[in-house]
Amino acid sequence: MTEKFPTINSTLDPVYLGYLIQQKYGLSAKTECHIFRLAMNHLYMVHDEEKKFVFRVYTHHWRTKSEIEEELKLLLHLKDANRQVAFPIADKFGNYIQEIEAPEGKRFGVLFSYAKGIKTAKFSPETSFLIGQALARVHQSAEHFELNRISYDAKNLLINPVEKIKKFFNDGNSEVIFLEKLSEFLSLKFETFDRQKIRYGSVHLDVWFDNLHIDNEKEVTFFDFDFCGNGYLCFDISYFLFQLLATNLNEEEYRVKSESFLQGYEMATAISNEEKKFLSYACLAVMTYYISVQCDRFEFWTNIFLNEDHLKRMVGNLKRWMAYHSIEIHT
């Protein structure tokens, strides 16, 4: 008798997944399901005639059920506050999370509403204003909203991530040495800010063009809260600005769009002076964390570009940001 060979990350058949979704959510016999993206999590597009949804299947051992419940708790809280987010949809029995027995073990799936509009990195300053305004409104509802999930502090953004990066890459790698020095510098820098003057709550932590849709240059909808946790709200602001600089090589264009984004944000909610000082440092910590996530999840999401050249490009973007903001590491 031949035993099935163990797997660590299988791909669920979209046809059979479509049947499951159709039955669980009471959709019509015309329901179709297609693979959209197989990355950190697996995303499927679901169509039931004119109705459109996204079904996310979390990779094995990526999130616990309770962590997913906390993510959905935040999204339902934001939906109830009429914030512009894609939200989870309950099945016929009132369940938001599906448990799927995959070859590698139990995986979880959630059906989400589809965010209207399109995804684009090339948006106008006017759209940048709208993104800032929409994010501020999300933050209004996320402030003081605590989750039973990771807290993004110096230990979780800098100290632990650098150890993971060192294990993946050669310790003598110049970029790894730079990240080690940056981590030490930022850990000390974070202590100099007055925490009482920096808003705290539930953060998205991955706000950039890849996780939002723009509908007719009028409406912005955020999605993919997979990395949500507790932290300073300005982590989201800083991270968006970092990604904006990374996708706009013309620095004058970046300046116009970043100013427009901040104006839009402050139309809804003020950013304190302490937060403004913190903005140029916050994203450096978030990006260090994301480099470690790529290393940590390599076996589940084999990124062929995750090599020393890729690390050089990532660190190059950090250095470009630092040069733009005249940040120098003193060790």
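The following paragraphs describe the nonpolar cores and two helix pairs of a predicted model. Local features require pLDDT of at least 70 and side-chain atom pairs pLDDT 80 or more, while totals for chains, interfaces and linings use all residues. Residues are numbered from 1 along each chain as its sequence is written, and side-chain values use heavy atoms, without hydrogens and water.

The largest nonpolar core (buried Ala, Val, Leu, Ile, Met, Phe, Trp, Tyr and Cys residues joined through side-chain atoms within 4.5 Å; buried means under 20% relative accessible area with a 1.4 Å probe, protein chains only) has 86 residues. Phe-222 and Phe-235 have the most contacts inside this core. Its largest share, 14 residues, comes from helix H8 (residues 273-296); helices are DSSP runs of H or I, at least four residues, numbered from the N terminus. Because domain 1 (14-113) and domain 2 (125-325) both give residues to the core, it lies between them; the domain bounds come from an automatic or database assignment. A second, separate core of 14 residues includes Leu-17, Tyr-25, Tyr-44 and Leu-111.

Helix H5 (residues 174-190) packs on H8 with axes 10 Å apart and an angle of about 135°; axes are lines fitted to C-alpha atoms over the stretch in contact, and angles run from 0 to 180 degrees between N-to-C directions. H5 is therefore oblique to H8, the term for angles outside the ranges under 35, 65 to 115 and over 145 degrees. Residues in contact (heavy atoms within 4.5 Å) include Phe-190 of H5 and Phe-278 of H8. Phe-235 is in contact with both Phe-190 and Phe-278.

The axes of H6 (residues 234-246) and H7 (residues 251-268) come within 9 Å and cross at roughly 155°, so these helices are roughly antiparallel.

How values were computed:
Buried < 20%, exposed > 50% of the residue type's maximum accessible area, 1.4 Å probe, protein only. Helix = DSSP H or I, 4+ residues; strand = E, 2+ residues; numbered from the N terminus. Lists of a residue's contacts leave out its neighbours within four places in sequence.
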